[in-house]
Amino acid sequence: MADTPKLTAGEKTKVAWYVARMCKRGIAGESVYQGDLEKKVDRVIDKARERAEKNAKKDKRK
């Protein structure tokens, strides 16, 4: 997880919510599909990574 950017409070909340839902589905059974929630977590992290890169470029210009 070294390449995971620092998450905002809202992003942390979203990821925690999705992970909790994955855990709930995991309790229901191992054969329950969780790919949709995994994609949502990946999307939140990707947006955070894009934001971090944008801010890094902005800081270099100053």
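Helix α2 runs for 27 residues and spans 39 Å from its first C-alpha to its last, close to the 39 Å you'd expect at 1.5 Å a residue. Keep in mind that this is a predicted model. Helix α2 covers residues 35–61, and its axis comes within 9 Å of the axis of helix α1, residues 9–28. Below is a quick tour of how the two helices meet, followed by a handful of residues to click on.

**How the helices pack**

- Two packed helices are described by the angle between their axes and the distance between the axes.
- Here the axes of α1 and α2 cross at roughly 165°.
- Angles over 145 degrees count as roughly antiparallel, and α1 and α2 are therefore roughly antiparallel to each other.
- As for handedness, α1 passes α2 in a left-handed crossing.
- On the α1 side, the contact is made by E11, K14, V15, Y18, R21, M22 and R25.
- On the α2 side, the residues making the contact are D36, L37, E38, K40, V41, V44, A48 and R51.
- Sorted by class, the contact of α1 with α2 has 7 nonpolar and 8 charged residues, with no polar ones.

**The buried side of α2**

- The buried residues of α2 are G35, L37, V41, V44, I45 and A48.
- What do the buried residues of α2 pack against? They pack against α1.

**V15 and T13, both picked from α1**

- V15 sits in helix α1, and at 16% relative accessibility it counts as buried.
- Leaving aside neighbours within four places in sequence, V15 is in contact with L7, V41 and V44.
- Of those partners, V41 and V44 are among the buried residues of α2.
- From V15 to R49 the C-alpha to C-alpha distance is 14 Å, with their positions 34 residues apart in sequence.
- T13 is in helix α1 too; is T13 buried or exposed? At 53% relative accessibility, T13 counts as exposed.
- The C-alpha atoms of T13 and R61 are 31 Å apart, and the two residues are 48 residues apart along the chain.

**Q34, in the loop**

- Q34 lies in the loop between α1 and α2.
- With a relative accessible area of 18%, Q34 is buried, because buried means under 20%.
- Not counting neighbours within four places in sequence, Q34 is in contact with M22, R25 and G26.
- Two of those partners, M22 and R25, also belong to the α1 side of the helix contact.

**K6 and R51**

- K6 is in the segment before α1, and it is exposed, with a relative accessible area of 73%.
- Which residues does K6 touch, not counting those up to four places away in sequence? K6 touches E11 and R51.
- K6 and R49 are 43 residues apart along the chain, yet their C-alpha atoms are separated by 8.2 Å.
- R51 lies in helix α2 and counts as partly exposed, at 27% relative accessibility.
- Beyond residues up to four places away in sequence, R51 touches K6, L7, T8 and E11.
- E11 and R51 both appear in the contact between α1 and α2 as well.
- Within α2's stretch of residues 35–61, R51 and K39 are 12 residues apart along the chain, and their C-alpha atoms are separated by 18 Å.

Key:
Residues are numbered from 1 along each chain as its sequence is written. This is a predicted model: local features need pLDDT of at least 70, side-chain atom pairs count only at pLDDT 80 or more; totals for chains, interfaces and linings use all residues. Side-chain values use heavy atoms; hydrogens and water are left out. Axes are lines fitted to C-alpha atoms, for helices over the stretch in contact, and angles run from 0 to 180 degrees between N-to-C directions. Helices (H or I, at least four residues) and strands (E, at least two) are DSSP runs, numbered from the N terminus. Angles under 35 degrees count as roughly parallel, over 145 as roughly antiparallel, 65 to 115 as roughly perpendicular and the rest as oblique. A crossing is left-handed if the near helix is turned anticlockwise from the far one by less than a right angle, and right-handed if clockwise. Contact means heavy atoms within 4.5 Å. Ala, Val, Leu, Ile, Met, Phe, Trp, Tyr, Cys and Pro count as nonpolar, Asp, Glu, Lys and Arg as charged, and the others, Gly among them, as polar. The expected span of a helix is 1.5 Å times one less than its number of residues. Buried means under 20% relative accessible area, exposed over 50%, partly exposed in between (1.4 Å probe, protein chains only).
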